[in-house]
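User: I'd like a close look at one part of this protein, with the charged pairs and their surroundings walked through. Could you keep it informal?

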Amino acid sequence: MTPDSGPIGPGLGEGLPGDGPRRRRAPAAPQYVLTEETPVYVISVAAELSGLHPQTLRQYDRLGLVSPDRTAGRGRRYSARDIEQLREVQRLSQDEGINLAGIKRIIELENQVAALQARVAELVDSLEGAAAALQQREAAVHASYRRDLVPYQPPSPHSSALVVWRPKR
């Protein structure tokens with residue numbers, strides 16, 4: 001066992017005869033996290049998943065109904081969210097009878113509503129934080145009052161003391 005080997009024995013590449021110098025392993029690549037926003041589907045797979053023809057997907061891209069990401073070679077890459085949007089466009093077109101210009105306007109308005117809702121949530125959080133900070137500052141001011149300057153004694157219910165105030169002339 002070498003001084004730098006663990007209790008189990010020598011690590012990879014160390015302490016073995018004829019190994020030569022110890023090689024360091026390259027750092028592992030960061031893990032790639034897939035979300036519904038991750039562009040992974042080529043146009044043929046996206047067409048299959050959405051039930052549309054690839055040419056229809058190209059037309060929707062040109063019209064701005066769905067905007068897939070692009071590769072360095074300008075190839076389209078669709079995300080799971082894009083597939084859902086393609087299905088929604090198809091539903092609005094076929095089931096509801098809405099034309100593509102109307103669908104585009106609906107999508108724009110839905111996006112605007114979502115952005116406004118996010119902004120309202122952000123403002124509510126900010127307002128709640130400001131209200132909490134104000135309450136803390138108010139409590140700090142009240143806690144700083146000196147109560148030893150003028151002791152207060154509430155009057156007794158049967159007190160007959162009367163003080164008359166007369167202004168100086």
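User: Which residues are linked with Glu36 in a network of salt bridges?

Analyst: Keep in mind that this is a predicted model. The network of salt bridges links Glu36, Glu37 and Arg81. Within it, the side chains of Arg81 and Glu36 meet at 2.1 Å, N to O. Arg81 sits in helix H3 while Glu36 belongs to the segment before H1, so this pair ties together parts that are 45 residues apart in sequence. As for accessibility, Arg81 is partly exposed at 41% relative accessible area, and Glu36 is partly exposed too, at 44%.

Now for the helix that carries Arg81. H3 covers residues 80-94, and its 15 residues should span 21 Å at 1.5 Å a residue; the end C-alpha atoms are indeed 21 Å apart, so the two values agree. Its buried residues are Asp82, Ile83, Leu86, Val89, Gln90 and Leu92. Among the elements covering them are helices H1 (43-50), H2 (54-63) and H4 (100-143), along with strand E2 (76-77).

Some of this ties in with the nonpolar packing. The largest nonpolar core has 15 residues, and Leu86 and Val89 are among those with the most contacts inside it, as are Tyr60 and Ile103. H1, H2, H3 and H4 each give two or more residues to this core, and H3 gives the most, with four. Tyr60 shows how the pieces meet: beyond its sequence neighbours up to four places away, Tyr60 touches Leu52, Leu65, Val66, Leu86, Val89 and Leu100.

Back to charges, because side chains of opposite charge can pair when their charged atoms come close. The whole structure has nine salt bridges. In one of them, the side chains of Asp61 and Arg76 meet at 2.7 Å, N to O. Asp61 is in helix H2 and Arg76 in strand E2, so that pair ties together parts 15 residues apart in sequence. Both of these residues are buried, with Asp61 at 14% relative accessible area. Asp61 also has a side-chain polar contact of 2.7 Å with Arg70. Leaving out neighbours within four places in sequence, the contacts of Asp61 are Val66, Ser67, Pro68, Arg70 and Arg76.

One more pair worth a look is Glu96 with Arg91, a salt bridge whose closest N and O atoms are 3.3 Å apart. Glu96 is partly exposed at 48% relative accessibility, and Arg91 is partly exposed at 33%.

Conventions
Residues numbered from 1 in each chain as written. Predicted model: local features only at pLDDT ≥ 70, side-chain atom pairs only at ≥ 80, totals over all residues. Heavy atoms only, no water. Expected span 1.5 Å × (residues − 1). Buried < 20%, exposed > 50% of the residue type's maximum accessible area, 1.4 Å probe, protein only. Contact = heavy atoms within 4.5 Å. Core = buried A, V, L, I, M, F, W, Y, C linked by side-chain atoms within 4.5 Å. Polar contact = N/O pair within 3.5 Å; in protein donor to acceptor, adjacent residues only side chain to side chain. Salt bridge = Lys/Arg side-chain N within 4 Å of Asp/Glu carboxyl O.
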